[in-house]
Amino acid sequence: MENYLIAMGVSAGIYALMALGLNVIWGMAGLVNLGLVGFFAVGAYTSALLTTKLGLPILLGVVAGAGMGALVGVLVALITARLRGDYLAIVTLGFAEALRVIASNEVWLTNGTDGISGIPGPFRADLGPVGFNLFFLILVAALVTAVFFAFERLSYSPFGRVLRAIRDDDQVAAVAGKWVIAYKVQAFAIGCAALGLAGALYGHYTSYIAPEIFVPLLTLYIKLSLLAGGVGNNRGAVIGAVLVVAFLESTRFIIPLLPGLSAVQGAALREIIVSGALIVLLRFRTQGLVPEAHSHPLIPRQPGAAAKESPTHA
Amino acid sequence: MLSEIPQLLINGIMAGAILAVPAIGLTAIYAVLRFPNFSLASHATIGAFAGYVANTQLGFSVVPALFCAFLVAGLVGLLSDEFVLKPFRSAGFITTAIGSIALTIALENVVRFIFGNSLNGYDLPMQRDWRFGDLRIGPQQVENLAISVVVMAVVFAFLSFTRTGKAMRAVADNPSLADIKGIDAARIARIVSFAGMGLAGVGGMLIGLDTSIDPLTGFRAMLSVFAAAVVGGLGSIPGAVVGALTVGIGEELSLLFLSPSYRSVIGFLAILLVLILRPRGILGQRAY
């Protein structure tokens, strides 16, 4: 049971990293990215391939995974920089799908749908299963904390202010002399680095990755996390991720209680519940549990300003 | 290798004509409601399965089964838009688009819950391919092509000659002006949701007729359908047809140097290429 809780904690940490990344892209800069899982996959595959095929140290693999995530993020952002949001939605979603098809077919590199197994975990052999899980939980928690404080810092920095200005009205930001596209690209790069980092950690934790893991449902989980916690808010991103993992895991226990369902039906019902929850949440709580903080953490926001600033209303 | 090109062109035109049907549905919904409706994928799947039940359980032949596909997918589209997506619209198109992804996953799993994950084939008479020299054409493909052309003709006639069709174009073109003229936009939205998703259902079944269907049928085709609509110009119905033919032919020609499983990647590349070179698409409006 402890082991299960620890594993849940690790999942929550990985989701939190992704939600933090999404928060930079969507919450701060107001950019649409429905292909989160694609950047997550880029990080996972980069690190897994570097460590299994080239035998590089795990640390290097993880750094490369985050870097590759950022690089691909820059590429996608440059291509889509001038597009309207609805086109950005299509392109980012398509990007993740195209990537999954490539990962399923380039067998020489990714082992196709069989996936890559035997991805090394840090000190996995020395610590034993329970010790390894606990160590990884601490590692992920430390990374979430570090990324959280870095992004908090970023959010209150002049850079973060410009991002929010662009989110609220990019023409005004441009008139104020800000190079809007450069800021958008940087926001994508930073956010996608966090997504890539999460992907790399995921691979080293589970020791196995395959294309079927990187489905759009995962993107929805992260959106759900950020929406539950509060868009534009780093604390909300972390809290939301924990809530989402707890919710996802609880559905795992509810399904077996229903008699007469086959395994496929159980899995289908679970996805219906999860996507239904997202719809309900989107509909009734677009502000999330922790609404976006004012530009200063100590000065309370004015009542009524919240609805205007939420990017979901943009 | 070059000798394969005529065959691939024929296959591409046939695939493109089939693709045009759901692409018209998508682009019509976009034209009126102004958001990319990703739930198109599951509606195509629902249509494919509705047609499957009509075909295998009720013994309908292809054309009546396609009507069932249209009606069931259209009805689900109407209801899901009314009760799930409509409330999102005031929150902006991104929220609506995300909602439509959640919706599509939910609906896809409803299909999975009922029918399971296995592949299902339609009950069709076995027919030998026709041969013209080196070219092979399947009678079913020709029938699908004919059906697609008829569907397109009906859509164009509807938009050009009926009052509702004209009202639909008016709302797409300028909602406030249409409102001043007394056009009930909410009614038009319901009609476009029904017809658009109905077309998605027909498209799903036409795609399934060639091969087999499973709960992911619509999702696998989604990128190609979106590519067709974007290449032609989102919101333009003639554009959807042109885009679908372009994407269909492009996907088939890609078989010269890529494996068939890369089809949807070609669709994605087509989206990228068009958005870089001509963001409004071949026949559409500005994309930025």
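Colleague: How far does helix α11 (residues 263–277) of chain B reach from its first C-alpha to its last?
Modeller: This is a predicted model; local features need pLDDT of at least 70, side-chain atom pairs count only at pLDDT 80 or more, and totals for chains, interfaces and linings use all residues. Residues are numbered from 1 along each chain as its sequence is written, with chains lettered from A and ligands numbered from 1 in the order written. Helices are DSSP runs (H or I, at least four residues), numbered from the N terminus. α11(B) has 15 residues, and at 1.5 Å times one less than that number its reach is close to the expected span, at 21 Å.

Colleague: Which helices do the buried residues of α11(B) pack against?
Modeller: Buried means 20 or more other C-beta atoms within 10 Å of a residue's own, placed from the backbone. B:Val265, B:Ile266 and B:Phe268 are among the buried residues of α11(B). Contact means C-beta atoms within 7 Å. The partners are α4 (85–105) of chain A, and α9 (217–232) and α10 (237–253) of chain B.

Colleague: At roughly what angle do the axes of α5 (residues 139–161) and α6 (residues 163–173) of chain B cross?
Modeller: Axes are lines fitted to C-alpha atoms over the stretch in contact, with angles from 0 to 180 degrees between N-to-C directions. The two axes come within 5 Å and cross at roughly 80 degrees. That makes the pair roughly perpendicular (65 to 115 degrees), at roughly 80 degrees.

Colleague: Which residues of α6(B) meet α5(B)?
Modeller: The α5(B) side offers B:Phe158, B:Leu159, B:Ser160 and B:Phe161. Opposite them in α6(B) are B:Gly165, B:Met168 and B:Arg169.

Definitions and conventions
Helices (H or I, at least four residues) and strands (E, at least two) are DSSP runs, numbered from the N terminus. Angles under 35 degrees count as roughly parallel, over 145 as roughly antiparallel, 65 to 115 as roughly perpendicular and the rest as oblique. Two residues are in contact if their C-beta atoms, placed from the backbone, lie within 7 Å. A residue is buried if 20 or more other C-beta atoms lie within 10 Å of its own, exposed if 12 or fewer, and partly exposed in between; C-beta atoms are placed from the backbone.
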